[in-house]
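Please open the structure in your viewer and keep the selection tool at hand. The tour below goes from one selection to the next and says what is found at each stop.

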Amino acid sequence: MKKLLAKLAVNYPGITFEAADTFYWNPRKQTVCFDPNDTSVTAEWSLLHELSHGILGHSDYQTDFELLLMEVAAWQKACELQSQFSSNNSPIDEDHIQDCLDTYRDWLHSRSVCPKCDQVGLQEQSNQYLCVNCLESWRVSSKRFTRPYRLCNNTKAKTSPVSTTKQMKFY
Ligand SMILES: [Zn+2]
Ligand SMILES: [Zn+2]
């Protein structure tokens, strides 16, 4: 990952790369955070994915679906970057991408399903959904998506992945 990091830093001087305990994009600081101790095959993919959020200018989202679309876009961009910059010949595994996106799909689904009739509702506001089938409306937490456990490096899972600050983060 070091070699790749050096190349990316040269090619994207406007973006800061900072060691942290997990991978994420911090739009306010225009910073890609990465875990320097992660030696798994997915580490480079995560790095490219977070950088992609930065290149695509992802800074906020209004609806849950918008976040999902940003995640899809960031993975598409990451694949381009992989072939452009990575020296190892392991393209980003499509299964890995779908696994990551499933986390967002599951999250979106659990928020959008009508508690009364199980139909998928429409998000009227960032914290409210409406069912067009039975007209039930329900509130969802306006708290931003936080990375669930199963995407974290299991060997050193923290007690809580929730950030103490209100900073916007993309995973
Ligand atoms: Zn309903
Ligand atoms: Zn992401």
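Why does Thr42 count as partly exposed? Select Thr42, which is found in helix H2, where helices (H or I, at least four residues) and strands (E, at least two) are DSSP runs numbered from the N terminus. Thr42 is partly exposed because it has 17 other C-beta atoms within 10 Å, and a residue is called buried with 20 or more such atoms, exposed with 12 or fewer, and partly exposed in between, the C-beta atoms being placed from the backbone.

This is a predicted model, in which local features need pLDDT of at least 70 and side-chain atom pairs count only at pLDDT 80 or more, while totals for chains, interfaces and linings use all residues. Residues are numbered from 1 along each chain as its sequence is written, and chains are lettered from A and ligands numbered from 1 in the order in which they are written.

Next, add His96 to the selection: Thr42 and His96 are 54 residues apart in sequence, yet 8.3 Å apart in space, C-alpha to C-alpha.

Now turn to the largest nonpolar core, which has 18 residues; such a core is a set of buried Ala, Val, Leu, Ile, Met, Phe, Trp, Tyr and Cys residues joined through C-beta atoms within 7 Å. Strands S2 (24-26) and S3 (31-34) and helices H2 (42-55) and H3 (64-85) each give two or more residues to this core, and the largest share, five residues, comes from H3.

Finally, select strands S4 (residues 122-125) and S5 (residues 128-130), which form a hairpin with two residues between them, and look for Gln123, which stands opposite Tyr129 in S5.

Methods:
Two strands pair if DSSP finds at least two bridges between them.
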